[in-house]
Amino acid sequence: MADIILKEVTKTFGKDSQVLENINLEIKNKELFTIVGPSGCGKSTLLNLIAGLEDLSSGEIYFDQKRVDHLPPAKRDVAMVFQSYALYPHKTVFENLAFPLMIKKYPKEKIKSKVKEVAGLLEIEALLRRKPKQLSGGQRQRVALGRAMVRKPRVFLLDEPLSNLDAKLRVYMRSELKRLHSEIKTTMVYVTHDQAEAMSLSERVAILHHKKIQQCDKPEIIYNYPQNKVVAEFVGSPQMNFLEGEIVEKEGGFFIKFNPEDWFPLSKEAYNFFDGEVFFGIRSEDVILNQKEEKGFFKGEIFATEPLGDRTYVDIIWGDNKLKAQARSDFRGKADEFIYFSFESEKIHLFDRKTGESLRKIP
Ligand SMILES: Nc1ncnc2c1ncn2[C@@H]1O[C@H](COP(=O)(O)OP(=O)(O)OP(=O)(O)O)[C@@H](O)[C@H]1O
Ligand SMILES: [Mg+2]
């Protein structure tokens, strides 16, 4: 068990291919912490640096206040589950699980009881005599996890361990992992490119993009208060709508002006204000739809509808803009019909158009 601190961690491959720039992170003891970002953003590199499989270009890494970045992997006592979990194909599940303990020359009886304990936790006792090719993807996944678990490491590093599973199994394994974490109570750093997985799995999430940690917080804070447009674009599905607008003050009130006719009032308290050009961000579930004309509603045209069973997405054309709104499953609008819409005023995001920084205060 350990807390992990990264200070100004930078990684450059070769001469000038910088992948990570001044990364600062504090991962708490026993925490389930997720790093999420698009493919190629440096997630595996960051885990490899923590594990000691890659050298830092600069910066420091600490486990429990002790500097570890000069230590070889074996001395750091981490267990890693790799993106492409490789089980030994000719060994049985039992032998795969036992292998890390055999290297450490544990006595036979101890190995047996350890493997049994971990197999019990992961519910794979019945599979111990099988070879990997006789297992389903999800079962192999568990064996790979089990192999990392047998020796009770200080830190678990999990690199997209669910990426080889089909969508249904992945969702199932998420809750399994969460439960597992609460049982073994060890620091876990989990890496994924899937934002929904990150949000549902972890206590805190760090968004890695453009070489930097863009935001690090509880999932609900990241979802409701993205600090910049990069985070707002990455988190949430479908993606947040962005419209260009301008903040204006009129008769003591503040408004976002989309065009000369279309204005929407803003509550002053929610933002760190400035006058000027912004991106107005609104999630599809925060667009209010109305099929009849009503005061305070904007008028657009339905471009297409996407019924999903439990809800329907409505794509709206509004002047030069396109907007995705979430409607109930019984929504009956059709393409080319007029549609009227407004916004949940507490769910409006504003981003500085030059810097992309959010103007919204985090309460
Ligand atoms: N050993 C290496 N030498 C040179 N460049 C590398 C090396 N390893 C990784 N890179 C580059 O660093 C960047 C980050 O790679 P990394 O594997 O960390 O990304 P990732 O976020 O894990 O991506 P994915 O989601 O696809 O697994 C990529 O552009 C990759 O090409
Ligand atoms: Mg990777």
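Start with the whole protein chain: of its 363 residues, 35% count as buried. Here a residue is called buried if 20 or more other C-beta atoms lie within 10 Å of its own, exposed if 12 or fewer, and partly exposed in between, with C-beta atoms placed from the backbone. What you have open is a predicted model, where local features need pLDDT of at least 70, side-chain atom pairs count only at pLDDT 80 or more, and totals for chains, interfaces and linings use all residues. To find your way, residues are numbered from 1 along each chain as its sequence is written, while chains are lettered from A and ligands numbered from 1 in the order in which they are written.

**The whole chain**

Switch to a cartoon view. The protein chain has nine helices and 20 strands; helices (H or I, at least four residues) and strands (E, at least two) are DSSP runs, numbered from the N terminus. Show just the C-alpha trace, and along its principal axes the protein chain spans about 80 × 45 × 35 Å. Among contacts between residues at least 6 apart in sequence, 65% join residues at least 24 apart. A contact means that the C-beta atoms of two residues, placed from the backbone, lie within 7 Å.

**Two domains**

Colour 4-234 in one shade and 241-352 in another: these are domain 1 and domain 2, with bounds that come from an automatic or database domain assignment. Their C-alpha centres lie 40 Å apart. Four residues from domain 1 and four residues from domain 2 make up the contact. On the domain 1 side, those residues are two nonpolar, one polar and one charged. For these classes, Ala, Val, Leu, Ile, Met, Phe, Trp, Tyr, Cys and Pro count as nonpolar, Asp, Glu, Lys and Arg as charged, and the others, Gly among them, as polar.

**Around ligand 1**

Now select ligand 1. How many residues surround it? There are 13, and the closest are F13, S39, K43, S44 and T45. A residue counts as near a molecule or strand if its C-beta atom, placed from the backbone, lies within 6 Å of it. Sorted by class, this shell holds three nonpolar, nine polar and one charged residues. Highlight β2 (17-27) and α1 (43-51), since each supplies at least two residues of the shell. The largest share, three residues, comes from α1.

**Strand β1 and its partners**

Next, pick β1 (residues 4-13). It pairs with β4 (residues 58-63) in the antiparallel sense over five bridges; two strands pair if DSSP finds at least two bridges between them. Click T10 and you can look for its bridge partner in β4, S58. β1 also runs antiparallel to β2, and seven bridges join them. In that pairing, V9 stands opposite I23. Follow the chain from β1 into β2 and you trace a hairpin with three residues between the strands, where G14 in the turn has a positive phi of about 60°.

**A stop at helix α6**

Select residues 167-184 to light up helix α6, then find E176 in it. Is E176 buried or partly exposed? It is partly exposed, because 17 other C-beta atoms lie within 10 Å. Draw a C-alpha to C-alpha distance from E176 to L201: they are 25 residues apart in sequence and 9.8 Å apart in space.

**A five-stranded sheet**

Move on to an open sheet with antiparallel pairing and the strand order β15-β19-β16-β17-β18. β15 (287-290) and β18 (321-328) are the edge strands, each pairing on one side only. Neighbouring strands of this sheet are turned by 45° against each other on average, direction ignored. That angle uses axes, which are lines fitted to C-alpha atoms, for helices over the stretch in contact, and angles run from 0 to 180 degrees between N-to-C directions.

Zoom in on β16 (residues 298-307). Four bridges join it to β19 (residues 338-343), antiparallel, and G300 stands opposite I339 there. With β17 (residues 311-318), β16 pairs in the antiparallel sense over six bridges. Two spots to click are E301, opposite I317, and I302, whose bridge partner is I316. β16 and β17 form a hairpin with three residues between them, and G309 in the turn has a positive phi of about 100°.

**Last stop: A327**

Finish in strand β18 with A327. A327 is buried because it has 22 other C-beta atoms within 10 Å. Leaving out residues up to four places away in sequence, A327 touches L289, R311, T312 and V314. For one more distance, try E306: A327 and E306 are 21 residues apart in sequence and 9.7 Å apart in space, C-alpha to C-alpha.
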